Amino acid sequence: MAQKKKQGAKGEETSDPAMSRSISPEQQNSQEDPASQQRDETCPACIEGQTSDLNSFEKERWIRCDACKVWYHWRCVGKGEDIESIDKWYCEKCIEEKPSRTITRKAPARKSNRKRTQRDYASLDSGVIFDPVRWYQMLQDKPTKGDPFKRMQGSDVKLSWVEEDETAMREPIVIEEPDGLGMKMPQSDLSVDDVAELVGEDTPVEVIDVATQSTSPGWTLQKWAEYMELEPEKRDKILNVISLEISSTKLSDMILPPRIVRELDWVENFWPSTRKGKGHSYPKVQLYCLMGVAKAWTDWHIDFAGSSVYYHILHGSKVFYFIRPTQANLAAYERWSGTELQYQSWLGDMVDEVFKVELKQGNTMIIPSGWIHAVYTPVDTMVFGGNFLHSYSVPTQLRVRNIEIATSVPKKFRFPMFSKLCWYVADKYLRDLKARPDQDYLPRLSQSIMALAEFLVSEARIMEHGSDAAKKEVREQIPSDRVKDAPVVARELRWRLKLAMGAASDDESTKKPEKTNGHVNGMKRRRVESEGLEESVGVQRFRNFKPRVWDREGRKEEDLGTETVKVARPGVGDGWSDVWMDGDDKMMGSPEDAEAQISRQRTVVVKIRKTNKGLERQRIERTAEQWEWPGE
């Protein structure tokens, strides 16, 4: 009866006890449609049409078959027995396949009047040591590198920084003072009691038991405030709150994310304003309050869908451990996440390097897409932060989403309504490109949006050729209020982006647009003037255009020798080139013509690179000819 860790939503990670997990409707924030929630919470033994009678604070009990490793609701298969008494358990199907399999029970504990330490048997079965300070003890023996990340002034963290600095939003940055960030935060003396009063004392809150990295059910903000007021030595457990979403509360009126976040955030800029706010279902991930006590630890994770994070220390301190999102490191994370390795090994031992960053009161950090991180809390700390997707990191965001799917992260722990948000973004970019076909985005932005278009084309293919269930799932995520024909939107966006990146089209003029310093959707437009021959043939060149990199290129040149033929010299007049365009010297020559010498040289270029689907190979052969009439 093992436990599985699940990715969380804010700059830290939540955990979901696989045998006994629960989520209240308030905690879900209506972030998924009921059909999706139901599919994610059913088990093979569920009876169609039957619903659970659990209340909001009761946890769902799960048990895993020790043969086929499939999870079941205990209420569906337990037959009224106590799950804590089970040692080895098999589902009916596995018992039928092998009758020697039998369900076994733990030996009854000897009764004693002595006080005993409460043990987490699920964690023990998983090989997890339940000492809550084991994380800190482990860190003492692990090598880390110093903090290499930029310290920036708040006034410098703006959209022009992202547009002009190739490293922007690729590595974490720290802003030591909030001045100039365009951010609003509560006073630093805000207490947990204040939070409870502003948000609601009866508000359910998801609390993480640091020892097991699993959810501790039945907590409200009032109960949490009472816990945090205790002296450290009187707290029976080390607990952490990292998922208190506070939008539409009195506390949210006191907070405004940094300006750069609001300028980049997809939900802020692309989700229709008429479909946000009270009574509407939309991704509520921009405002979180995080509260942790001394020695709290959040294990390695990537924020859902590779979303970026802003993170402000109101009071207290945090220590972050970062791993770069290289292909090798992400692959190591994928092997580690959701497997027994997660409980038995330190992810830092499986990657190239780990960086340590210490944050104190008043510091703000921006964590870019895909960065793997873990967090230690030295003292009682309160943090405000949030998540955001943006247009400059789409490839990484999609890569992390694929990891979540591959590691079976439940939908309720993924970015809410991710695909629907992608369609809204695509619809807006397409309308902009239709209105201004000469849009000229920065190369980094163009390539990122192209990744979005390719993703949506793949979704369109599922609608056209997938199974009925897959088609239904894709259609449910298409916002019909904006996107009327999803396959057309996806493919037209891809086509228009290619034109904007310099590709030729018979249907679109390649006339070079006028140079402008204007902005489109907050993105700076840049184009250099073409000169000479390039301008005459309508070839467009982009100042910062960077072609895709080939893994290997080879070039071979061969001299084909010299040949003498009889052919007339090129004539004069507008039509002289017509006959030469054919390239057939036998048709052009006659006995009366002068002799010409032809020198030929052949060049062959071969390029190869790996793609998501396999391999791309390009072979280009060119023959160059020099024609000379020596006697004339």
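**Briefing: a four-stranded sheet and helix H18 in a predicted model**

In S15, Val319 has Glu358 as its bridge partner. This pairing belongs to a predicted model, in which the protein chain averages a pLDDT of 80 and 77% of the residues score at least 70. The points below cover the sheet, helix H18 and the confidence of the model.

**The sheet**

- Four strands form an open sheet in the order S12-S17-S14-S15, and their pairing is antiparallel.
- Strand S12 (296-301) and strand S15 (355-360) are the edge strands; each has a single partner strand, so one side of each lacks a neighbour in the sheet.
- From one strand to the next, the twist averages 15 degrees.
- Helix H12 (residues 327-336) packs on the sheet and touches S12, S14 and S17. The direction of H12 makes about 115 degrees with that of S12.

**Strand pairing around Val319**

- S14 and S15 run antiparallel and are joined by six bridges.
- Strand S14 (residues 317-323) is also joined to strand S17 (residues 372-377), by five bridges, and these two strands run antiparallel.
- Val319 has a bridge partner in S17, Tyr376, as well as the partner Glu358 in S15.

**The two faces of S15**

- In a regular strand, side chains alternate between the two faces of the sheet.
- S15 shows this alternation: Phe355, Val357 and Leu359 point to one face and are buried. Lys356, Glu358 and Lys360 point to the other face and are not buried.

**Helix H18**

- Helix H18 (residues 486-500) has 15 residues and reaches 21 Å from its first C-alpha to its last, close to the 21 Å expected at 1.5 Å a residue.
- Eleven of the 15 residues of H18 are buried, so the helix is largely enclosed by the rest of the structure.
- The buried residues include Val489, Leu493, Leu497 and Leu499, and among them are also the charged-side-chain positions Glu492, Arg494 and Arg496.
- Helix H15 (418-435) and helix H16 (443-465) are the elements against which the buried residues of H18 pack.
- Gly502 follows H18 and has a positive phi, near 110 degrees.

**Confidence**

- Among the elements of the protein chain, strand S16 (residues 364-367) has the highest mean pLDDT (98) and strand S1 (residues 20-21) the lowest (33).
- Over residues 13-39 the pLDDT stays under 50, and the model has 90 contacts beyond four places in sequence for this stretch.
- Residues 110-129 likewise have a pLDDT below 50, with 26 contacts in the model beyond near neighbours in sequence.

Note on methods
Residues are numbered from 1 along each chain as its sequence is written. Side-chain values use heavy atoms; hydrogens and water are left out. Two strands pair if DSSP finds at least two bridges between them. Axes are lines fitted to C-alpha atoms, for helices over the stretch in contact, and angles run from 0 to 180 degrees between N-to-C directions. Contact means heavy atoms within 4.5 Å. Buried means under 20% relative accessible area, exposed over 50%, partly exposed in between (1.4 Å probe, protein chains only). The expected span of a helix is 1.5 Å times one less than its number of residues. pLDDT is the predictor's confidence in each residue, from 0 to 100.
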